[in-house]
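Trainee: I would like a close look at one part of this model, a single helix and whatever surrounds it. Please take it slowly and tie it to the rest of the chain.

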Amino acid sequence: MTDSPTETGPFDDLPGDLMIWVLIVSELLVFGAGLAAFLAVRATDPAGFATAQAALHPAAAALNTAVLVTSGVAAALAARSAEAARLGAGRLWLAFAMALGVVFLVVKGFEYADLAAQGIGVESHAAFTFYYLLTGFHAAHVAAGVLILGLVAIRLRPYPVETAAAFWHMVDLVWVLLFPVIYLMG
């Protein structure tokens, strides 16, 4: 049986290109492995991890969760606006999503600065090693996502905005997984 141009494949309804989904899945696997390692090491020293966790900033992390989820909504609205050829609205939604990404990074920067002021670094405890690695890697993805959203805003077209929004939603999802495991799990 040969494929005709009118046949659809299983990935045709995904927003964005198949390669963005390869990237998204690979990034989710990397973060998943990091979280699995965190949990495995935590199981060997629950008291030490609990003590380290007490130094973290769950209120700031909760704020950042709300910030990223809201930015995800803005990115989705940007994609809808681009699809409807409402370029001004699309750019505004992207700018809002980007601004919230910057807010996330600023809040994270305050967290890092406070921990550094307390003398807490990567080598203080295994919990902090994982904390800095996982949240730092995530922050790098937030920064990359802000840049990507800005690039697609320059020449707003549905397909690139949809692809960028898919990446941004992966960034949101990763934080929604990191937040409870790192900050709340007792």
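Mentor: What follows takes helix α4 as the part to examine, and then moves outward to the helices around it.

The model is predicted. The protein has 186 residues, and 41% of them count as buried. Its secondary structure consists of six helices and zero strands, so the order of elements from the N terminus reads α-α-α-α-α-α. The C-alpha trace extends over about 60 × 45 × 20 Å along its principal axes. Among contacts with a separation of 6 or more, 79% join residues 24 or more positions apart.

Helix α4 covers residues 87-117, which is 31 residues. How does the span expected at 1.5 Å a residue agree with the distance between the end C-alpha atoms of α4? The expected figure is 45 Å, and the end C-alpha atoms lie 45 Å apart, so the two agree.

Next, the residues of α4 that are buried. These are G90, L94, A97, L100, G101, F104, V107, K108, E111 and L115. The list includes the charged residues K108 and E111. An α-helix has 3.6 residues a turn, so residues three or four places apart point the same way. The buried residues of α4 pack against three helices: α3 (58-83), α5 (126-154) and α6 (158-184).

V103 also belongs to α4, but at 36% relative accessibility this residue counts as partly exposed, because the value falls between the 20% limit for buried and the 50% limit for exposed. Beyond its neighbours within four places in sequence, V103 is in contact with N64 and V67. From V103 to L134 the C-alpha distance is 19 Å, with their positions 31 residues apart in sequence.

Now the two ends of α4. Before the helix, A85 sits in the loop between α3 and α4. A85 is exposed, with a relative accessible area of 58%. Its phi is near 60°, a positive value in a residue other than glycine. Most residues other than glycine have a negative phi. Just after α4, G119 also takes a positive phi, of about 80°.

On the α3 side, two residues are worth following. S81 lies in α3 and is buried, with a relative accessible area of 0%. Not counting residues up to four places away in sequence, S81 touches R86, A89, G90 and W93. Of these, G90 is one of the buried residues of α4. G72 is also in α3 and is buried, at 4% relative accessible area. G72 and A97 are 25 residues apart in sequence, and their C-alpha atoms are 6.9 Å apart in space. A97 is again one of the buried residues of α4. With residues up to four places away set aside, G72 touches W168, H169 and D172.

That leads to α6 and its partner α5, both of which α4 packs against. Two packed helices are described by the angle between their axes and the distance between the axes. For α5 and α6, the axes come within 10 Å and cross at roughly 160°. An angle over 145 degrees counts as roughly antiparallel, so α5 is roughly antiparallel to α6. Their crossing is left-handed. From α5 the contact takes in Y131, L134, T135, H138, H141, V142, G145, V146, I148, L149 and V152, and from α6 it takes in P160, V161, A164, F167, W168, M170, V171, V174, W175, L178, I182 and Y183. These residues divide into 19 nonpolar, four polar and no charged.

Helix α5 also meets α1 (residues 18-44), with axes that come within 10 Å and cross at roughly 165°. The two helices are therefore roughly antiparallel to each other, and this crossing too is left-handed. Here α1 supplies E27, V30, F31, G34, L35, A37, F38 and V41, while α5 supplies A126, A127, F130, L134, F137, H138 and H141. The division is eleven nonpolar, three polar and one charged. L134, H138 and H141 of α5 are listed in the contact with α6 and also in the contact with α1.

Notes. Residues are numbered from 1 along each chain as its sequence is written. This is a predicted model: local features need pLDDT of at least 70, side-chain atom pairs count only at pLDDT 80 or more; totals for chains, interfaces and linings use all residues. Side-chain values use heavy atoms; hydrogens and water are left out. Helices (H or I, at least four residues) and strands (E, at least two) are DSSP runs, numbered from the N terminus. The expected span of a helix is 1.5 Å times one less than its number of residues. Buried means under 20% relative accessible area, exposed over 50%, partly exposed in between (1.4 Å probe, protein chains only). Contact means heavy atoms within 4.5 Å. Axes are lines fitted to C-alpha atoms, for helices over the stretch in contact, and angles run from 0 to 180 degrees between N-to-C directions. Angles under 35 degrees count as roughly parallel, over 145 as roughly antiparallel, 65 to 115 as roughly perpendicular and the rest as oblique. A crossing is left-handed if the near helix is turned anticlockwise from the far one by less than a right angle, and right-handed if clockwise.
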